[in-house]
Amino acid sequence: MSLEVSLGKRENILEVGPKNAAQVTLASPVLNEGELELLKKDSYLKARRLPIFFDISKGLDGSLKKAINRLCEAADEAVRGGSHLLILSDRADELEPTRPAIPILLAAGAVHQHLIQNGLRMSASIIADTAQCFSTHHFACLIGYGVSAVCPYLALETCRQWRLSAKAENMMRNGKMPTVTIEQAQKNFGKAIKAGLLKILSKMGISLLSSYCGAQIFEIYGLGKEVVDIAFCGSVSRVGGLNLDELARESLSFWVKAFSEDTARRLENFGFIQFRPGGEYHGNNPEMSKLLHKAVREKNENAFSVYQQHLANRPVNVLRDLLEFASDRPSIPVGKVEPASEIVQRFCTGGMSLGAISRETHESIAVAMNRIGGKSNSGEGGEVASGRFGVTPTFLVNADQLEIKIAQGAKPGEGGQLPGKKVSTYIARLRNSKPGVPLISPPPHHDIYSIEDLAQLIFDLHQVNPMAKVSVKLVAEAGIGTVASGVAKGNADIIQISGHDGGTGASPISSIKHAGGPWELGLTETQQTLIENGLRERVVLRVDGGFKSGVDVMLAAAMGADEYGFGSVAMIATGCIMARICHTNNCPVGVASQREELRARFPGVPGDLVNFFLYVAEEVRGILTQLGYEKLDDIIGRTDLLRPRHISLMKTQQLDLSYLLSSVGRPKWSSTKIRQQNVHTNGPVLDDILLADPQISDAIEKEMEVKKTVQIYNVDRSVCGRIAGVIAKKYGDTGYAGRLEILFTGSAGQSFGCFLTPGMNIRLVGESNDYVAKGMAGGEIVITPSDKTGFVPEDATIVGNTCLYGATGGRLFVRGKAGERFAVRNSLAEAVVEGTGDHCCEYMTGGCVVVLGKVGRNVAAGMTGGLAYLLDEDDTLIPKVNKEIVKIQRVVAPVGQLQLKQLIEAHVNKTGSTKGTAVLNEWEKYLPLFWQLVPPSEEDSPEANLEFGDRTIERITVKSA
């Protein structure tokens, strides 16, 4: 990845010549004042500074629009006059109360769009010299709307001021903080911004900042057509919002604070991240938590009424707060309405893993949901997304539903993360990893590149557990309807729409804000698109994100949802006090900590959560009574029962809610019928034929040995997954004492040998597609090319991408090369392969991989456990290794040499590999050519550490013998 940017005129890229190179290249878009001065003096760039203030001395209305038009004309004139660099600046020697600054993003966007429309955009670059930019998101927005670099002068001035403050001086003197110079303080700020930008790029799947510049990968909430057309043309803004005059008032309200007589000595803390008294309103706040705790612990209906009243009186903070019900019927007696026991079966809890939260919390939530017949999401395995976090076949076959998380609502584009402090010995054992080592669930693009890959993952899960419904979690954003249609066609049973305001307390700050959208918009788009395409009956629609009450449930139902997810509020009901320090492992009430002494303080019992859900269900019944409807089925998808609420709030006056209130009809089936339909099937599969074979079924039933030879074709996908599921259901992950030896000949489809269990020894003579041995938990897979192929096996690729994803055991021997992402997130499996593509051993947490040939780039990125041995015959490996975590060393420890040799011997024995044979025959020559990749967690292991000497070798030899 790169943050490099070029400034100056861009010539036609199809006509190569010296003019194309006449640009100034910056290492990153973050400039300091000195660098900005150098650019101003550059004779080629001919920089022109354009002040961005608007004058309100003759009245506010229309002033901002006039100023923007003048700014665009000045930019136009400067570029036509030969300037190749425009500097938009809100810096002034003296600021005036009647000349506020134009919001920098508005100014930059307007100039960017104006130059495009006039055919001048390639002739100049834009730089922002601004006080209004200090967070990663600010930088990302400016760059996304055309700015090439930013000088955040006020942020840099703040760094300098902080460093010179008495408080900082004292803390450094007392050793409470590392000593930094003024220059270092500013550099640290720049470093943080750059790291944040790289993270944003990676979330979007973009490698180069130059590709992100002007790409406008944003969705707009709360800006009207006038603003969008002038500065953000082409971006989606579904609900409209502020016009230029209202934006001018908003800017002025901040501006005037600087000139008032009673200017505060300290800057206000607006509570953008954590709740602050007098700051921005937070949905989950201390008062709300206290009221809820009182209601559920005392089982006090009056206290729950106070909680409901608190929610009803809150300021508008989500889109649904702008809606209310308007019935077309008279009310009915509550006795006629479906009972709470039916309604609560539609409730689910969010995916919170044991590790992120304590065992006590996890079990309380599960017990509560079992009592009411709802669903608790274990949160394990990145919510069982393709075997993340070490999901085993036994785990999969004992689930009622399996959820694939394409995106987390709170932080789309990122995988789940468990800080190292929270990985205790117990958690590490559950996850097949090591204590103290952070666990990162890879983002979805590591195994899901397209809708076909997602359909394959759905197929895998239906294969291993044909009784479990598969749900796919999507994040609410523009375009979700199209993705949801693909998911429905891909055979998912449930689609979960996740709003931006859900999410874990362990989310990094840069992930909490500005990611994802309101579920109200996502749900509406999904419901309408599925109905228009005749797909709505195929899937249950579930929605989550900030649900707190029966009103939320009813509004979601009217917009089309069948089931409703509660995350943070379920945690609060079981005792969470919103301390917001989940990531530190110091939760004061033991809800989100693995520390024994803190877990002992856990105050919750399952009954508290049961009480909460029953109260919510009764609230739903109360609203149904008022509306005159007997059951939830009758109002699901009935947007005609909603109308805009009248609220006297300037900011929401211009919002257009017609999109939320529109309808394209209702499903042909009732919500209950959709929810009760059978699990979607994979249709006839090879595994069913194998399981129908009396010899195989007897071998499973009576734990006997059996050998079979079977022809396989590339339409046969996820082969052996269902057999593994049957064995795991009966015997668990390690209890099967029989032995299935199946020889396949031909070309295998995707996910060959997925979720394999101990006792299954699979051999393939031929080749295989992507995802070989995905989620493998035991057993053995051997893949060799068929005889007389006409190619040299070690030079040819015979298995596809993403093999061994999330494997928790077993062995894989491949005579030939593998594709990209070999052994990604491997937990415990051992493998030998004769070459791989890019990203080998990515996110690996355990196990051992031997590569007897060349690898691609970015080896061992995110690898926190396990060992890799790579043969480097032509001295080209070192530049290909990602050195962020792993150490690269020769195989010096005798135990490591033995491990390597034994794996190669097994490989030769199983596959007849000529390459492996050559290595063993000239062991003394080849051993020094191997590199060993060692993550910190393995540095003290006998395989990697010479200090253990030969004593361990004797023990290992005896053990292996």
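## Cysteines without partners

Cys576 is tucked away in this predicted model: with a relative accessible area of 13%, Cys576 counts as buried. You might wonder how many disulfides the whole structure holds. A search finds 0. As a reminder, a disulfide is a covalent bond between the sulfur atoms of two cysteines.

For Cys576, the nearest cysteine sulfur belongs to Cys582 and is 6.4 Å away. A disulfide needs two cysteine sulfur atoms within 2.5 Å, so Cys576 is in no disulfide. Cys754 is in no disulfide either, and its nearest cysteine sulfur, in Cys720, is 8.3 Å away. Cys754 is also buried, with a relative accessible area of 0%.

## A buried asparagine in a loop

Now let's visit Asn682. You will find Asn682 in the loop between helix 27 (671–676) and helix 28 (686–692). Is Asn682 buried or exposed? Its relative accessibility is 12%, so Asn682 counts as buried.

What does the side chain of Asn682 meet there? One polar contact, at 3.2 Å, is with the side chain of Gln463. In addition, a polar atom of the Asn682 side chain lies 2.9 Å from the backbone oxygen of Phe459. Leaving aside residues up to four places away in sequence, Asn682 touches Phe459, His462, Gln463, Asn491 and Arg722.

## An enclosed strand

Next comes strand 26, which covers residues 865–871. Because 7 of its 7 residues are buried, strand 26 is largely enclosed by the rest of the structure.

Which strands pair with strand 26? Strand 25 (residues 845–851) pairs with strand 26 in the parallel sense, over 5 bridges. In that region, Gly865 of strand 26 is the bridge partner of Thr845. Strand 28 (residues 930–934) runs antiparallel to strand 26, and 4 bridges join the two. Here Tyr869 stands opposite Gln932 of strand 28.

## Helix 11 and its cover

Finally, look at helix 11, which has 13 residues (286–298). At 1.5 Å a residue, helix 11 should span 18 Å, and its end C-alpha atoms are 18 Å apart, so the two values agree. Just after helix 11 comes Lys299, which has a positive phi, near 50°.

Which residues of helix 11 are buried? They are Met288, Ser289, Leu291, Leu292, His293, Ala295 and Val296. The cover over these buried residues includes helix 12 (301–312), helix 23 (568–573) and helix 25 (606–627).

Notes
Residues numbered from 1 in each chain as written. Predicted model: local features only at pLDDT ≥ 70, side-chain atom pairs only at ≥ 80, totals over all residues. Heavy atoms only, no water. Buried < 20%, exposed > 50% of the residue type's maximum accessible area, 1.4 Å probe, protein only. Helix = DSSP H or I, 4+ residues; strand = E, 2+ residues; numbered from the N terminus. Polar contact = N/O pair within 3.5 Å; in protein donor to acceptor, adjacent residues only side chain to side chain. Contact = heavy atoms within 4.5 Å. Pairing = 2+ DSSP bridges. Expected span 1.5 Å × (residues − 1).
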